[in-house]
Amino acid sequence: MVDVAVEGRSVSKHFGQGDAVVKALDSVSVQIHKGEFFTLLGPSGCGKTTLLRMIAGFESPTSGQILLDGQDITRLPPNQRPVNTVFQSYALFPHLTVAQNIGFGLQMQGKSAAEIAARTSKMLALVKLEAMAGRKTSQLSGGQQQRVALARALAPQPKVLLLDEPLSALDLKLRKEMQTELKRLQRETGITFVFVTHDQEEALTMSDRIGVMAGGHIQQIGAPKDIYAHPVNRFVADFIGETNFLEVAIRDGKAQLPGGLAVPVKCASAKATVTIRPEQLRIVAAGTPETIPAKVDHSVYFGTDSHVHLTLADGTAMTVRVPASESANAPASGTAVGLAINPGALQALED
């Protein structure tokens, strides 16, 4: 049986009244396991930050419960919850040194000077900032400041660390480096991390499980590979990475695709939307059996691969991801080709 660190039971949060009420969260239930890196992923306004703030105690639910280690903490003030939060703005104290910033929370807890020094030293080593201990935070780079914020939040050894889009202010290269560092910190400390982001790559890269949110609801929870390969609905399929959609008829357990191709798919309906990831399609010669006829529009080079954009006979736009090693052989614009689908790549969606 999996140990549960954080649980939300039918949690709702409404702002306003009457016809003007806004349902930021609408009866959301979720279980976050102990020691996992759990990500709340979704677009702006989906409710992910509101849920995080309720776990932290900065917002109270309109209805429902928040539990930590099985204990109801719904009405407990933030300073009485064994959780810490790292915000988008690091909120460091510019007049204090790196070491003093890290030890601040321990000082507020009344820890002894010896305990503060030992714990601060351990945190400095964990985030690899031993050489910066005596510097003011204003003398640090953005990535170093973020490490200080993480060390300060981890120093009191919270049961859960909440992270509200902490990488969004960093440039692309540094953000990728910090993704690796965050996962390392979570693995080494064993603390439950709850991470909020709108960035799909961050979620796929770092998470043990992802909760995809939209419109105040959790649409799907699962491991990154499961959510990417088996989205439950069109929103999840479209939000997580790139994909292609086709509206098809289902006969005898097969999706009837353009050009007469019939592909097995799990679906109980007579009609469905199916999704195919761009890397699950291959461009072959026109007229090849068991393919979809298409015409090449243009290609976009990304370094690691190229995205070839095509149009089917009925006007449907499709994208194929071609590895860099094959990009030189990508067909020119206007070329008639066939699209072959990898076995098992077709996924029928619920809506």
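## The largest pocket

In this predicted model, the largest pocket is lined by 23 residues. V83, N84, T85, G105 and P156 lie nearest its centre. The volume of the largest pocket is about 670 Å³.

Three elements give two or more residues to this lining: strand 6 (83-86), helix 2 (98-108) and helix 4 (142-154). Strand 6 supplies the largest share, with four residues. By class, the lining has 16 nonpolar, five polar and two charged residues.

## The second largest pocket

The second largest pocket has a volume of about 210 Å³. Its lining consists of Y228, G241, E242, F302, T304, D305, H307 and R321. By class, that makes two nonpolar, three polar and three charged residues.

Y228 also takes part in another contact. R277 lies over the face of Y228, at 4.0 Å from the ring centre.

## Strand 3 and its neighbours

Strand 3 covers residues 37-41. Five of its five residues are buried, so the strand is largely enclosed by the rest of the structure. F37, T39 and L41 point one way from strand 3. F38 and L40 point the other way. Both sets are buried.

Strand 3 pairs with strand 8 (residues 192-197). The two run parallel and are joined by five bridges. T39 stands opposite F195 in strand 8. Strand 3 also pairs with strand 9 (residues 209-214), again in the parallel sense, over four bridges. Here F38 has R209 of strand 9 as its bridge partner.

## Helix 1

Helix 1 spans residues 48-56. Seven of its nine residues are buried, so the helix is largely enclosed by the rest of the structure. The buried residues are K48, T50, L51, L52, M54, I55 and A56. The list includes a lysine, K48.

G57 follows helix 1. Its phi is positive, near 100 degrees.

## Aromatic pairs

A search of the whole structure finds five aromatic pairs. One of them is formed by F37 and F193: the ring centres are 5.6 Å apart and the planes stand at 50 degrees, so the pair is tilted. This pair links distant parts of the chain. F37 sits in strand 3 and F193 in strand 8, 156 residues apart. F37 and F193 are both buried.

F235 and F239 form a stacked pair. Their centres are 5.5 Å apart, with 10 degrees between the planes. F235 and F239 are four residues apart in helix 8 (residues 234-239), so about one helical turn separates them. Their exposure is as follows. F235 is partly exposed, with a relative accessible area of 28%. F239 counts as buried, because its relative accessibility is 15% and the cut-off for buried is under 20%.

## The aromatic cluster and a charge over a ring

F37, F193 and F195 form one aromatic cluster. Two of its members recur from the strand pairing and the tilted pair: F195 stands opposite T39, and F193 lies in strand 8. F37 is the member from strand 3.

Helix 8 includes R234 at the start of its range, residues 234-239. R234 lies over the face of F245, at 4.0 Å from the ring centre.

## Strands 16, 17 and 19

Strand 16 (residues 292-301) has two partners described here. Seven bridges join strand 16 to strand 17 (residues 305-312), and the two run antiparallel. S299 has V308 of strand 17 as its bridge partner. Strand 16 and strand 17 form a hairpin with three residues between the strands. In this hairpin, G303 takes a positive phi near 90 degrees.

The other partner is strand 19 (residues 336-341). Strand 16 and strand 19 pair in the antiparallel sense over four bridges. K295 stands opposite A336 in strand 19.

The hairpin also touches on the second largest pocket. F302, T304, D305 and H307 are among the residues lining that pocket, and strand 17 covers residues 305-312.

Terms used
Residues numbered from 1 in each chain as written. Predicted model: local features only at pLDDT ≥ 70, side-chain atom pairs only at ≥ 80, totals over all residues. Heavy atoms only, no water. Buried < 20%, exposed > 50% of the residue type's maximum accessible area, 1.4 Å probe, protein only. Pairing = 2+ DSSP bridges. Phe/Tyr/Trp six-rings, centres within 6.5 Å; stacked < 30°, edge-to-face > 60°. Lys NZ or Arg CZ within 6 Å of the ring centre and 35° of its normal. 1 Å grid on protein atoms, 1.4 Å probe; cavity = no way out; pocket = protein on both sides within 12 Å on 5 of 7 lines; lining within 4 Å. Points joined across faces, edges and corners; volume = space filled by probe spheres on them. Nonpolar A, V, L, I, M, F, W, Y, C, P; charged D, E, K, R; others polar.
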